[in-house]
Each structure stands twice: as C-alpha cells, then as structure tokens.
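I opened this model to make a few notes on its fold. The entries follow in the order in which I looked things up.

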Amino acid sequence: MTASALEKKLVDLYAPQLSSKQVTVEVVSSSFPVYVTGMVLRPGEIQSDHPLTALEAVMEAGGFDYTKANLKDVVVIRREGNIMKNYKLNLKAVLQGKQCEPFYLKPDDIVYVPERFTMF
C-alpha cells in the first residue's frame, strides 16, 4: 500500500473521530547496516530492514566458503558504549539442526567467519 492510499484509508476509517479530514503518512526507513567478513563468498555490508540473525547475514553475504570456513568459531563484534565485545557462535550446530537460541544482530555489528586451521 502506498502512503497516499494509507492516508485515504485512515481518513475513511476514522472520519467520525477526526476534526479535520487530513491525515499525513510518512514512510521512515528503519534499515540498518551489518558487516560480514572472513570466509564468506561476498564479504561486505548488508542492509536489513527487519531483525536479522548472524546466520541470515552470512547467507546474505553469499554463504560460507565451505572449503575454508570455521563454522564453530564465528565471532560477532559489537560496540557497547566505548567497549568492543565479542560473541562466539557455533553456526555449525545451527546448520545441523541443533536447538540454539538465534543470535540477532544490531546496527553496525560485524560478523567474522574465521578460517579453519588444517594440518597437512
């Protein structure tokens, strides 16, 4: 629905309660950026206008580079006041269907997918 269509609908619905038959609807963007880096196919900024989990952000970045990514030690870096906090996530468990609490991102969070260490 467009803003003008919503204005008309609101005037129609609430006409008896309005002293003036004028309603203004303004669309405000609620999108926010998060950043995904490391062993993903398309690292960079992700814009979201809805709640976004760390796994969803990685999928928006093209998914994991399965030949190199360490899915068990994904880190979300978040500024809280003047402190940078790190949250470790095991996204492998999520992908295996184990019950895990979803980790929702906040604006300007950085999701880092580290490289898996392999012995030759």
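**Entry 1: strand 1 and strand 5.** I am working from a predicted model. I began with strand 1, residues 32-38, and strand 5, residues 110-113, and found them paired in the parallel sense over four bridges. I then looked up who faces whom. Val36 stands opposite Val111 in strand 5, and Tyr35 stands opposite Ile110 in strand 5.

**Entry 2: the other side of strand 5.** Strand 3 is joined to strand 5 by three bridges, and these two run antiparallel. For Val76 I noted Val111 as the bridge partner in strand 5. Val111 thus appears in my notes twice, opposite Val36 and as the partner of Val76.

**Entry 3: side chains of strand 5.** Which residues of strand 5 are buried, and which are not? I found that the side chains alternate along the strand. Val111 and Val113 point to one face and are buried. Ile110 and Tyr112 point to the other face and are not buried.

**Entry 4: strand 1 and strand 2.** Strand 1 also pairs with strand 2, antiparallel, and I count five bridges between them. A hairpin of five residues makes the connection from strand 1 to strand 2. I listed two of the contacts. Pro33 has Gln47 as its bridge partner in strand 2, and Tyr35 has Glu45 there. Tyr35 is therefore on record with two partners, because it pairs with Glu45 in strand 2 and, as noted above, stands opposite Ile110 in strand 5.**Entry 5: the whole sheet.** In what order do the strands of the sheet lie? The order is 2-1-5-3-4, in an open sheet of five strands with mixed pairing. Strand 2 (44-48) and strand 4 are the edge strands, each pairing on one side only. I also looked up the twist: neighbouring strands of this sheet are turned by 25 degrees against each other on average, direction ignored. As a general reminder to myself, strands of a sheet pair through backbone hydrogen bonds, either parallel or antiparallel.

**Entry 6: elements along the chain.** I find three helices and five strands in the chain. Read from the N terminus, the elements run α-β-β-α-β-β-α-β.

**Entry 7: overall dimensions.** How does the radius of gyration of the chain stand against that of a compact globule of 120 residues? The chain has 21 Å, where such a globule would have a value near 14 Å. The box filled by the C-alpha atoms, taken along the principal axes, is roughly 75 × 35 × 25 Å. Of the 120 residues, 30% count as buried.

**Entry 8: Asn82.** I looked for Asn82 and found it in the loop between strand 3 (74-80) and strand 4 (83-89). Is Asn82 buried or exposed? Asn82 is exposed, because its relative accessible area is 78% and the cut-off for exposed is over 50%. I also took its separation from Met1: the two residues are 81 apart in sequence and 41 Å apart in space, C-alpha to C-alpha.

**Entry 9: Asp108.** Asp108 lies in the loop between helix 3 and strand 5. I noted its phi, which is near 70 degrees, a positive value in a residue other than glycine. Its relative accessibility is 46%, so Asp108 counts as partly exposed.

**Entry 10: the largest pocket.** I looked up the largest pocket last, and its volume is about 170 Å³. Which residues line the largest pocket? The lining consists of Thr53, Ala54, Leu55, Leu89, Asn90, Leu91, Val94, Cys100, Glu101, Pro102 and Phe103. Helix 2 (54-60) and helix 3 (91-95) each supply at least two residues of this lining. By kind, the lining residues divide into eight nonpolar, two polar and one charged.

Methods
Residues are numbered from 1 along each chain as its sequence is written. This is a predicted model: local features need pLDDT of at least 70, side-chain atom pairs count only at pLDDT 80 or more; totals for chains, interfaces and linings use all residues. Side-chain values use heavy atoms; hydrogens and water are left out. Buried means under 20% relative accessible area, exposed over 50%, partly exposed in between (1.4 Å probe, protein chains only). Two strands pair if DSSP finds at least two bridges between them. Axes are lines fitted to C-alpha atoms, for helices over the stretch in contact, and angles run from 0 to 180 degrees between N-to-C directions. On a 1 Å grid over the protein atoms alone, a cavity is a set of points where a 1.4 Å probe fits but cannot get out, and a pocket is an open set with protein on both sides within 12 Å along at least five of seven lines; lining residues have an atom within 4 Å of a point. Grid points are joined across faces, edges and corners, and a volume is the space filled by probe spheres set on the points. Ala, Val, Leu, Ile, Met, Phe, Trp, Tyr, Cys and Pro count as nonpolar, Asp, Glu, Lys and Arg as charged, and the others, Gly among them, as polar. The radius of gyration is taken over C-alpha atoms; the globule rule is 2.2 Å times the number of residues to the power 0.38.
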